[in-house]
Amino acid sequence: MDDFISSLTDEMLLHIISLLPFESAIQTIFLSKRWKLLWQKSLVQHGTKEDLATAICSFLNTFNEHNPSKNTRKFEFYFDDGGVLLAFVGPNSKLHLCFPTEKREFPIPFGLHLNFDQQNLPPQLSPCTFFVKSLHLVSVSHLTNETVSSLLSNFQYLGTLKITGCFGLRTINIGSEKQLVNLTIFECPDLKFLHIRSYKLKTFHYRGILPWFGTQNHFNLADAMLDCREGPSEDSLLYVKNIDPVLLTIKNVAVLTLCKWIFKAFFCPSLSTFLVEFQFYNLKELWWIDDSDERFDNDAMVSFLKLCPSLEQLFVTVT
């Protein structure tokens with residue numbers, strides 16, 4: 001039996017896709033190679049590193065969420081000597097930006113300064129009419145950090161930010177007093193310093209070597225993950241006396257993921273200095289990571305549980 005639908009033109013097939021909800025539309029990639037190729041189509045451009053931010057804004061501004069027949073969801077930008085940007089627009093105003101590069105044994109250090117409260121944009125950067133609400137940054141490097149920082153100052157409606165796989169990234173400064181609610185940072189092995197200013201932050205998930213944390217009273221935090229089973233950075237050990245702000249930040253969470261060594265090395269000494277009894281009164285769900293090289297020892301966990309009068313669920317991972 002002939003497949004007449006797959007024999008239609010790209011424009012007609014994209015029009016059919018545009019009539020479907022995104023969750024259903026993306027399933028068409030499993031119908032045949034013909035349909036899969038529609039989702040593999042990319043807008044491809046070439047330029048310089050200085051053109052990156054403008055090119056991304058232009059791609060977003062011409063994107064029509066309700067009529068994909070007029071555009072693609074994927075964008076490839078090739079710049080300078082081998083630099084590549086891969087961008088993908090997902091449902092509900094999601095944007096995925098990846099800068100694939102070769103992993104270096106000694107990556108060049110750099111920092112990310114992300115301020116979502118800026119009112120005046122750089123003169124060369126036109127405003128984005130496509131409001132990005134969720135952003136995933138992958139493999140930002142010293143070559144693209146300034147572009148990313150400049151671009152993200154344009155995303156004043158960003159509610160969810162995820163940063164992963166950034167080698168050489170030493171410092172992150174994030175400022176958002178208006179919108180940022182969810183923040184995730186995974187696998188940035190060179191991170192030494194993390195400062196967050198986001199009073200509406202509800203979820204913070206971190207996985208990697210423990211950096212030095214700078215926080216500004218995030219008492220609205222409800223879900224926190226400190227999965228640092230790889231251990232501390234050398235700099236974080238120097239700031240053991242400054243762990244009190246971190247404790248106050250996670251004090252009111254309902255869900256917490258924590259490594260045993262963090263509790264023993266940082267929290268226990270700090271708790272002994274509090275003038276009043278410290279309790280995790282709102283904690284309902286604890287994910288405890290026993291990351292000791294020794295055999296399983298529940299003394300530290302029992303000590304922590306005494307601080308959690310409202311706990312309902314306990315999950316233990318032994319590594």
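Which residues form one aromatic cluster together with Trp288? In this predicted model, the cluster consists of Phe263, Phe278, Phe280, Trp288 and Phe304, and the description below places several of these residues in their surroundings.

**Overall make-up**

The protein chain contains 9 helices and 16 strands, and of its 319 residues 46% are buried. When contacts between residues at least 6 apart in sequence are considered, 59% of them join residues at least 24 apart. The accessible surface of the chain amounts to about 16,600 Å², with 55% of that area belonging to carbon and sulfur atoms.

**The strands around tryptophan 288**

Strand β15, which covers residues 285–290, pairs in the parallel sense with strand β14 (residues 255–259) over 5 bridges, and it also pairs in the parallel sense with strand β16 (residues 313–318), in this case over 6 bridges. In the pairing with β14, leucine 258 stands opposite tryptophan 288 of β15, whereas in the pairing with β16, glutamate 285 stands opposite glutamine 313. In a regular strand, side chains alternate between the two faces of the sheet.

**Aromatic pairs**

Across the whole structure, a search finds 14 aromatic pairs. One of them joins phenylalanine 59 and phenylalanine 75, whose ring centres are 4.9 Å apart; the planes meet at 15°, which is under the 30 degrees that bounds the stacked class, so this pair counts as stacked. Because phenylalanine 59 lies in helix α4 (residues 52–61) and phenylalanine 75 in strand β2 (residues 74–79), the pair ties together parts that are 16 residues apart in sequence. Both phenylalanine 59 and phenylalanine 75 are buried.

Another pair, formed by tryptophan 288 and phenylalanine 304, is tilted, with 5.5 Å from centre to centre and 45° between the planes. Here tryptophan 288 belongs to strand β15 and phenylalanine 304 to helix α9 (residues 299–305), so that the pair links distant parts of the chain, 16 residues apart. Tryptophan 288 has a relative accessible area of 0% and is therefore buried, and phenylalanine 304, likewise at 0% relative accessibility, counts as buried.

**Charges over rings**

Two aromatic rings with a basic side chain over them are set out below.

| Basic residue | Ring | Distance to ring centre |
|---|---|---|
| Arginine 207 | Phenylalanine 186 | 3.8 Å |
| Lysine 251 | Phenylalanine 278 | 5.4 Å |

For arginine 207, the charged end is what sits over the ring of phenylalanine 186. Lysine 251 lies over the face of phenylalanine 278, and phenylalanine 278 is itself one of the members of the aromatic cluster that includes Trp288 and Phe304.

Terms used. Residues numbered from 1 in each chain as written. Predicted model: local features only at pLDDT ≥ 70, side-chain atom pairs only at ≥ 80, totals over all residues. Heavy atoms only, no water. Helix = DSSP H or I, 4+ residues; strand = E, 2+ residues; numbered from the N terminus. Buried < 20%, exposed > 50% of the residue type's maximum accessible area, 1.4 Å probe, protein only. Contact = heavy atoms within 4.5 Å. Areas by Shrake-Rupley, 256 points an atom, 1.4 Å probe, with all protein chains shown as cover. Pairing = 2+ DSSP bridges. Phe/Tyr/Trp six-rings, centres within 6.5 Å; stacked < 30°, edge-to-face > 60°. Lys NZ or Arg CZ within 6 Å of the ring centre and 35° of its normal.
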